[in-house]
Each structure stands twice: as structure tokens, then as C-alpha cells.
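Hi everyone, thanks for coming. Have a look at the picture and the sequence on the screen, and I'll walk you through them.

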Amino acid sequence: MSSLSRNLLGSPSTVTYEIGAIQINLNHCRVAHQLLLQTMLERDISVVIISDFHHALGDVEHWFESADSKCAVLIARSSNISVSDHGAGAGFVWVRLDALFIYSCYCTPKTKHTQHRSEERRVGK
């Protein structure tokens, strides 16, 4: 679990979120998808950073994927997390949860070093 603290409208009080998160490469495997959903329930996981998925695991409000469908971020329906913004490009997707940004990115092992550096610069913009 990780905590996120933020200051609301300049007030001295702080709101803390407890977010259970996991990162996984599903290798386009249907069984791995099913095991992930079960693990999310058992371990109270709210956010999943995914690469190489087989198919979308959520609806439009909870599933965010890259433009090339190589990686994604899944927000559990059962969580009270609200997404304030999101975006995507080829090989990456990002989701903003208040002051916290979550990125998922994917480069194949065959990606050349120069192409990888170029993709890093695109994500950083």
C-alpha cells in the first residue's frame, strides 16, 4: 500500500489515501487475466498497472489503455478513487488521481535503444 497526501485548497489539513497497487505483464494470457481479478479482490488492490493484456478488463470509466493497446491502467470499480484526468499515446498511458500521476508504458524487448530513448522523451512531455 502507498499513501498519497494532499492539501485541500490551501488548508492546513491533509487528506491521506491508501492505495493498493500492483504492476503486472499479463503476456496476452486469458488465465492470467482471471487470476489478476481474483488477486485484486483478495488483496484489496485498487490500481493495476498492466502490460501485454489480452482484452480490456474494465469499462470506459475504469480502464485506460495506450493508443496501441500495449499497456493500461485499471482502477477497481469497488474503490472510491476518482480519475481527474488521463491521456495516452503509442506505448504509454497515464492517469491522474488528484495529485498522483500513474503511468504505464511498454516497449518490446526488441525495441532498439535509440527508439526507446525517443519514446521516453515522448512520455515525459
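I'll start with the overall layout, then go to the sheet, the hairpins, one serine, the aromatic rings and the cysteines.

One thing up front: this is a predicted model, so please keep that in mind throughout.

Okay, the layout. The chain contains two helices and nine strands. If you walk along from the N terminus, the elements go β-β-β-α-β-β-β-β-β-β-α. The chain has 125 residues, and 34% of them count as buried. And how are the contacts spread along the sequence? If you take contacts between residues at least 6 apart in sequence, 40% of them join residues at least 24 apart.

Now the sheet. In which order do its strands sit? The order is 3-4-6-5, so we have four strands in an open sheet, with mixed pairing. Strand 3, residues 21–25, and strand 5, residues 63–65, are at the edges. Each of those two has a single partner strand, so one side of each has no neighbour in the sheet. On average, neighbouring strands here are turned by 15° against each other, if you ignore direction.

Let's zoom in on one pair. Strand 3 and strand 4, which is residues 47–51, pair in the parallel sense, over five bridges. If you want a spot to find on screen, look for Ala 21, which stands opposite Val 47 in strand 4.

Then there's helix 1, residues 30–43. What does helix 1 lie across? The answer is strand 3, strand 4 and strand 6, with strand 6 being residues 71–75. Helix 1 runs at about 160° to strand 4.

Next, the hairpins. Strand 7, residues 85–89, and strand 8 pair in the antiparallel sense over five bridges. Here His 86 has Val 95 of strand 8 as its bridge partner. These two strands form a hairpin with two residues between them, and Gly 91 in the turn has a positive phi of about 90°.

Strand 8 then goes on to strand 9, residues 100–105: those two run antiparallel, joined by six bridges. Phe 92, for instance, has Cys 105 in strand 9 as its bridge partner. Strand 8 and strand 9 form a hairpin as well, again with two residues between them, and in this turn Asp 98 has a positive phi of about 55°.

So what about strand 8 itself, residues 92–97: how many of its six residues are buried? Five are, so strand 8 is largely enclosed by the rest of the structure.

Now for that serine. Ser 66 is in the loop between strand 5 and strand 6. Buried or exposed? Ser 66 counts as buried, at 2% relative accessibility, because the cut-off for buried is under 20%. Its side chain reaches the backbone nitrogen of Lys 70 at 3.0 Å. Leaving out residues up to four places away in sequence, Ser 66 touches Cys 71, Ala 88, Gly 89, Gly 91, Phe 92 and Val 93. Gly 91 should ring a bell, as we just met it in the turn between strand 7 and strand 8.

On to the aromatic rings. How many aromatic pairs are there? The count is two. One pair is Phe 53 with Trp 63: the ring centres are 5.0 Å apart and the planes are at 90°, so that's edge-to-face. Phe 53 is in the loop between strand 4 and strand 5, and Trp 63 is in strand 5, so the pair ties together parts 10 residues apart in sequence. Phe 53 is buried at 7% relative accessible area, and Trp 63 is buried too, at 8%.

Trp 94 and Phe 101 make a tilted pair, 5.9 Å from centre to centre with 45° between the planes. Trp 94 counts as buried at 18%, whereas Phe 101 is partly exposed at 39%.

Last topic: cysteines. A quick reminder that a disulfide is a covalent bond between the sulfur atoms of two cysteines. How many disulfides do we count here? Zero. Take Cys 107: the nearest cysteine sulfur belongs to Cys 105, and that is 6.6 Å away. A disulfide needs the sulfurs within 2.5 Å, so Cys 107 is in none. Cys 107 is partly exposed, with a relative accessible area of 27%. Cys 29 is partly exposed as well, at 31%.

That's my tour, thanks for listening!

Methods:
Residues are numbered from 1 along each chain as its sequence is written. This is a predicted model: local features need pLDDT of at least 70, side-chain atom pairs count only at pLDDT 80 or more; totals for chains, interfaces and linings use all residues. Side-chain values use heavy atoms; hydrogens and water are left out. Two strands pair if DSSP finds at least two bridges between them. Axes are lines fitted to C-alpha atoms, for helices over the stretch in contact, and angles run from 0 to 180 degrees between N-to-C directions. Contact means heavy atoms within 4.5 Å. Buried means under 20% relative accessible area, exposed over 50%, partly exposed in between (1.4 Å probe, protein chains only). Rings of Phe, Tyr and Trp (its six-membered ring) pair if their centres lie within 6.5 Å; planes under 30 degrees apart count as stacked, over 60 as edge-to-face and the rest as tilted. A polar contact is a pair of N or O atoms within 3.5 Å; within protein, one must be able to donate a hydrogen and the other to accept it, and residues adjacent in sequence count only if both atoms are side-chain atoms.
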